Amino acid sequence: MNSEAVVGHDPARDPAGEAAGEILQAPGRRGRRVLFLGLVLGTVAPAAFLMTRILPTTGMGPLLWVIFALFLCTFTWIAISFWTAAAGFVLRLLRRDPLSLRPVPAGAVSAGPVRLAGRRTAIVIPICNEDPARVMQGAEAICHSLLATGQAAAFDLFLLSDSNDPDVIPEEERTVWALQGRLPAPCRTHYRRRPVNSGRKAGNIAEFCQRWGGRYDYMIVLDADSVMEGPTLVQLVRLMDANPDAGLIQTMPLPVRQESLFGRFQQFASALHGPMLATGLSFWQGSAGNYWGHNAIIRVRPFVEHCELPVLSGRPPLGGEILSHDFVEAALLRRGGWDVWLLPDLSGSYEELPGNLVDYARRDRRWSQGNLQHLRLLSTAGLHPVSRLHLLFGALAYLASLFWLLMLGTASAAAVVAYQLQAPGMASAAQHGSIPVYAPLAYLLLAVTVVLLLLPKLFGVALALRREPERFGGPARLVLGGLLETLYSVLIAPLMMAFHSLFVGAVVLGRNVSWTSQSREGRMVSWHESWQRTRPFVLGGLVWGAAVAWGAPGFFWWLSPVFSGLLLSPLLVRVSGSQRAGYWLRERNLLLAPSELAPSAALAVLGRLESCAVAAPERTGSGDAAGAPVAWLQDRRARRAGTRDRVRNRRGLGSESGWEDACNDA
């Protein structure tokens, strides 16, 4: 264990904290992982045996060996996902904590008024060419929620800008100025913009830690679209205080405020299935959890000591700077002896998502390249075995799509060969040993695969029906929403498979990704853009489908869902960003999420701030503290008018030079 200790706090002597469930423990971690691995292998082994009986046992050519190898990879991935969901389902059904395995109280227990132990926490929000109004509204909602806890004085909010768009920077600075003028004491908000965006988001956080991290025990990292409730922020600090071995505690952020068709499906699915899947993850990973890059609290000192990211040898995309820094930082923290925990039941943690398939896929393009870089880190000395699994699984999340596509393609080729061997005047296919010979076993294996894919969705619906159907609009709407979400996920699965396969192929071919700010707003994708993005998939689906229909008509119907998804991809992309379709579903109380029916305090404040911004008339040149545009660095009169409020909540740390002076004085 790292030598750092929290002076004056011994969790072993804190019975109140243990009674409140603040001492994080995961007994029997090795046994859990052995059990989980045994279940996965116990599922894969019979399926592999069935596959050897389906494929020829003698004379397997290279094509069939490729099918078998791809099947093992994809089926293993399916088994891992299934048993993670199954573990989460059982634990949540029995109301057991995934870490301690102790019973979880049926109702939320209020901790009452609390006083933090005097440690300082920075809430850091990296931003890069984001919508300034939305970022400041989210920050303001978080601050108001913190004020309600009475613990706002223990937190400082940092807006760490990497913006380089000349159209964004002035508005960003004006909205920061207005925010600092509105927030009352003891809220303290600080703003810094780096002139050079070195290291992207990881470099942004690293620079903060190097220059100002010494003033803080913890930092809570949020994304520009994150929202976190004040009580959740306070509880995270209490958990870090009670667990001096904890280097990072990750919450389960749920998507909120989604209006588009695609966004509403994602929001509903995450609320329904996300906590269950996170519970299963927490069960088997224990204190060797993962970091998802945001909505987590980090102990600053060990993060600085252990989480300097390596630069990979070679050129991008597989070399150079690591794009997906979060998985690596969690692995480095765990290697340094610090615990990394995932707490799926800690509510009040939210994020927003891209509102259509194009913007969602664009984000996945960056993640795919970053996660494939992780394969080069698997042999890094000293990593915890579970950390290596996280790095491997991150890459498999994208490689699995390519494996599926290759397996379906090779299976199609084998089916065409089999059909031709069965043509009149030729010997039976079985005698040639080149095609599947046990059709009933093939149907059985297909049925098992479908069950493993779809049963977790049934788990999520069953849990919600048992525990809280009213949070999703009632039992009938919950079941109907679950059915719609399942059908939609099946429909877009071929499209996402094609996107991910294309991304992996681009990385293999050496095409580096450009890093831009992601779109977080729902937008209707034009027909032109839809066709441009999906044209290869449509043409590929047409050629593939026609070849199978001509060469192996019987096999065509097996793959018809895949062909349908590919041929419909322009329409699916087009309507994914439709807010009209999203409103239509909401008006009929379908795909409702708990965050809509009972918004938390911070989400309610954020909604009111946005409503006021829309309703307020455009005011120019007023320079007041109510949020009207301020001429940053030009309008000196407006600047002087807001100085008192700004100094009160910033404590003189507004400019970068001011920060330097204050830190030097400290």
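Which residues form a nonpolar patch on the surface, and with about how much accessible area together? In this predicted model, the patch is made up of Tyr443, Leu446, Val450, Leu453, Leu454, Val490 and Trp558, which together have about 610 Å² of accessible area. Accessible areas come from the Shrake-Rupley method with a 1.4 Å probe, and for residues only the protein chains shown count as cover. A patch is made of residues with over 30% relative accessible area and no salt bridge, like charges being joined within 9 Å and nonpolar side chains (Val, Leu, Ile, Met, Phe, Trp, Tyr) within 5 Å.

Residues are numbered from 1 along each chain as its sequence is written, and side-chain values use heavy atoms, with hydrogens and water left out. Because the model is predicted, local features need pLDDT of at least 70 and side-chain atom pairs count only at pLDDT 80 or more, while totals for chains, interfaces and linings use all residues.

**The patch and helix α14**

Helix α14 (residues 439–467) contributes the largest share of the nonpolar patch, five residues; helices (H or I, at least four residues) and strands (E, at least two) are DSSP runs, numbered from the N terminus. Val450 has its place in helix α14 and is partly exposed, with a relative accessible area of 39%, where buried means under 20% relative accessible area, exposed over 50%, and partly exposed in between (1.4 Å probe, protein chains only).

**Strands and their pairing**

Strands β5, β10 and β7 form an open sheet in the order β5-β10-β7, with mixed pairing; two strands are taken to pair if DSSP finds at least two bridges between them. Since β5 (227–228) and β7 (254–255) each have a single partner strand, they stand at the edges, and one side of each is therefore left without a neighbour in the sheet. The pairing of β7 with strand β10 (residues 349–351) is parallel and runs over two bridges, and Pro255 stands opposite Glu351 in β10.

Elsewhere, strand β2 (residues 155–161) runs parallel to β3 and is joined to β3 by five bridges, with Leu160 having Arg192 of β3 as its bridge partner. Between these two strands the chain passes through helix α5 (residues 169–182), and this β-α-β crossover is right-handed, in the sense that, with the strands pointing away from the viewer, the path from the first strand over the helix to the second runs clockwise. Strand β3 (residues 189–193) is mostly covered, four of its five residues being buried.

**Helix α7**

Helix α7 (residues 230–242) has 13 residues and, at 1.5 Å a residue, should span 18 Å, which agrees with the 19 Å between its end C-alpha atoms; the expected span is 1.5 Å times one less than the number of residues. This helix too is mostly covered, since eleven of its 13 residues are buried, among them Gly230, Leu233, Leu236, Val237 and Met240.

**Salt bridges**

The whole structure holds 25 salt bridges, each defined as a side-chain nitrogen of Lys or Arg within 4 Å of a carboxyl oxygen of Asp or Glu. Three that link distant parts of the chain are set out below.

| Pair | N to O distance | Separation in sequence |
|---|---|---|
| Arg120 and Asp156 | 2.8 Å | 36 residues |
| Arg586 and Glu259 | 3.1 Å | 327 residues |
| Arg523 and Asp359 | 3.0 Å | 164 residues |

In the pair of Arg120 and Asp156, Arg120 belongs to the loop between α3 (62–93) and β1 (121–127), whereas Asp156 is in strand β2; Arg120 is partly exposed at 25% relative accessibility, while Asp156 is buried at 1%. Arg586 lies in helix α20 (residues 579–587) and Glu259 in the loop between β7 and α8 (261–285), and both residues count as partly exposed, Arg586 with a relative accessible area of 31% and Glu259 at 24%.

Arg523 comes from the loop between α15 (475–508) and α16 (527–551), and Asp359 from helix α11 (residues 357–373). Here Arg523 is partly exposed, with a relative accessible area of 28%, and Asp359 is buried at 3%. Through salt bridges that share partners, Asp359, Arg362, Arg523, Glu529 and Arg533 are joined into one network.

**A contact across the sequence**

Ser412, in helix α12 (residues 385–421), is buried at 4% relative accessibility. Ser412 and Leu559 are 147 residues apart in sequence, and their C-alpha atoms are 8.8 Å apart in space.
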